[in-house]
Amino acid sequence: MSDLGGPQIDPSFDRLRGEPHRRYNPLLDEWILVSAGRTSRPWQGRRESSGAQALASFDPDCYLCPGNVRASGERNPVYDTTYVFTNDFSALRPGTSTERIEDGLLLAEGEEGACHVLCFSPRHDLTLALMSADAVRHVVDVWADETIQLGGKYQWVQVFENRGEIMGASNPHPHGQVWAGTALPREAVKEDTAQARYHAESGGRLLLDYAAQESGGPRVVEQNDDWLVVVWAAWPYETLLLARHPVGRLPELPPSQRDQLSDILIRLLTRYDNLFGLSFPYSMGWHQAPFGRETVDHWQLHGHFLPPLLQSNVRKFMVGYELLAESQRDLTAEQAAEELRAASPVHLKANRGRASRG
Ligand SMILES: [Zn+2]
Ligand SMILES: [Zn+2]
């Protein structure tokens, strides 16, 4: 990201740095309160432990490690690359009745779907940030393959990862999930509506034009020829990973763009790890065009990264005002981007040097 050495901050936004203000999120068509400077307030609440314990590369008690038995009684194969299985406790299941029940103002609909688990690596002690570029590229391929497979049957395919205990990850083994369902979920409906409206008005794709506008600017954390990472929205260090070419879904990505994606993923996640010197917790996930439509020309593939931390051991709570009024962020997007750009994109632990396929 050498071309982003020292971006000039747009003076009109920089003026807002210490001032409470609201910013518009065009993708969700909603406003966010920015209360910059809140990070300096005294904090006597909960502090998170770093949870930094050295992990072994294999844990005999881990239900995701190769060769181990899961809660269902099934035994994992001795896999040596990304391994996919159906979640033993699926939130959505194939064959569920989609019956609709109405009672006055109350409505219910059966929801059919599927939940898969993806073990990114056989190595218990790695994370995406610590895996080799080849191994991360393989994860990208599996995300794309899962999208094709599940998109053949379901309208919405949600690829995601919860990383870290603080995000409710039940196991430190590097893994993600894919949930697919017949309905379009709430966030997808909002993004679908905003992107369709923009496309109808301008003929362009909202997020493609947004990537072009943000390129090289003060909110950019990483960029290469095919991708761009920009700080945005509500969580202190929340980012959006944008494709810089028109693309609706992961399977459409040509090999070169998948390679570039693996590279920028590792760099972004490593910056996160180095920001506070700990294995950074987050939820991440892909939003891609829904299936079963005649046209989805308004849809642009993108990834969301939602990390919960405000400082190294203080988490951001979305509580009173956020739950009841609107989201509120505690530092400006420009400040957060500046801090992330100052964090190294290279991992000090450099596990990647090892010739492990993990
Ligand atoms: Zn494991
Ligand atoms: Zn989205």
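Trainee: Which strands does H5 lie across, and how do you know that they touch?

Mentor: Happy to start there, with the reminder that this is a predicted model. H5 lies across S9, S10, S11, strand S12 (282–287) and S13. Contact here means heavy atoms within 4.5 Å. The axis of H5 runs at about 25 degrees to S10.

Trainee: What makes the length of helix H5 close to the expected one?

Mentor: Helix H5 covers residues 255–276, which is 22 residues. The expected span is 1.5 Å times one less than the number of residues, and for H5 that comes to 32 Å. From first C-alpha to last, H5 reaches 33 Å, close to that expectation. Just after H5, glycine 277 takes a positive phi of about 65 degrees.

Trainee: Why are strands S3 and S9 said to stand at the edges?

Mentor: The open sheet has 9 strands in the order S3-S6-S8-S7-S12-S13-S11-S10-S9, with antiparallel pairing. Strand S3 (83–86) and strand S9 (220–223) each have a single partner strand, so one side of each is left without a neighbour in the sheet. On average, neighbouring strands of this sheet are turned by 20 degrees against each other, direction ignored.

Trainee: How do you know that strands S10 and S11 pair?

Mentor: Pairing requires at least two bridges, and strand S10 (residues 227–231) and strand S11 (residues 239–243) have 5, in the antiparallel sense. Therefore they count as a pair. As for single residues, leucine 228 has leucine 242 in S11 as its bridge partner.

Trainee: Why is the arrangement around the zinc ion (ligand 1) called tetrahedral?

Mentor: Its protein donors are Cys62 (SG), Cys65 (SG), His124 (ND1) and His173 (ND1), lying 2.0 to 2.3 Å from it. The 4 donor atoms subtend angles of 103 to 115 degrees. All angles must lie between 85 and 135 degrees, so the arrangement is tetrahedral. For comparison, the ideal angle for four tetrahedral donors is 109.5 degrees.

Trainee: Which donor atoms coordinate the zinc ion (ligand 2)?

Mentor: Glu191 through OE, listed twice, His287 (ND1), His302 (NE2) and His304 (NE2), at 2.0 to 2.3 Å. Donors must be within 2.8 Å of the metal, and this range satisfies that cut-off. Glutamate 191 in helix H3 (residues 186–202) and histidine 302 in strand S13 (residues 302–306) link distant parts of the chain, 111 residues apart.

Trainee: Are glutamate 191 and histidine 302 buried or exposed, and how do you know?

Mentor: Buried means under 20% relative accessible area. Glutamate 191 has 1%, so it is buried, and histidine 302, with 0%, is buried too.

Notes
Residues are numbered from 1 along each chain as its sequence is written. Chains are lettered from A and ligands numbered from 1 in the order in which they are written. This is a predicted model: local features need pLDDT of at least 70, side-chain atom pairs count only at pLDDT 80 or more; totals for chains, interfaces and linings use all residues. Side-chain values use heavy atoms; hydrogens and water are left out. Donors are N, O and S atoms within 2.8 Å of the metal (3.2 Å for Na, K and Ca); water is not among the atoms, so sites may look incomplete. Helices (H or I, at least four residues) and strands (E, at least two) are DSSP runs, numbered from the N terminus. Buried means under 20% relative accessible area, exposed over 50%, partly exposed in between (1.4 Å probe, protein chains only). Axes are lines fitted to C-alpha atoms, for helices over the stretch in contact, and angles run from 0 to 180 degrees between N-to-C directions. Four donors count as tetrahedral if all angles lie between 85 and 135 degrees; four count as square planar and six as octahedral if opposite donors are over 155 degrees apart and all others between 65 and 115; anything else is irregular.
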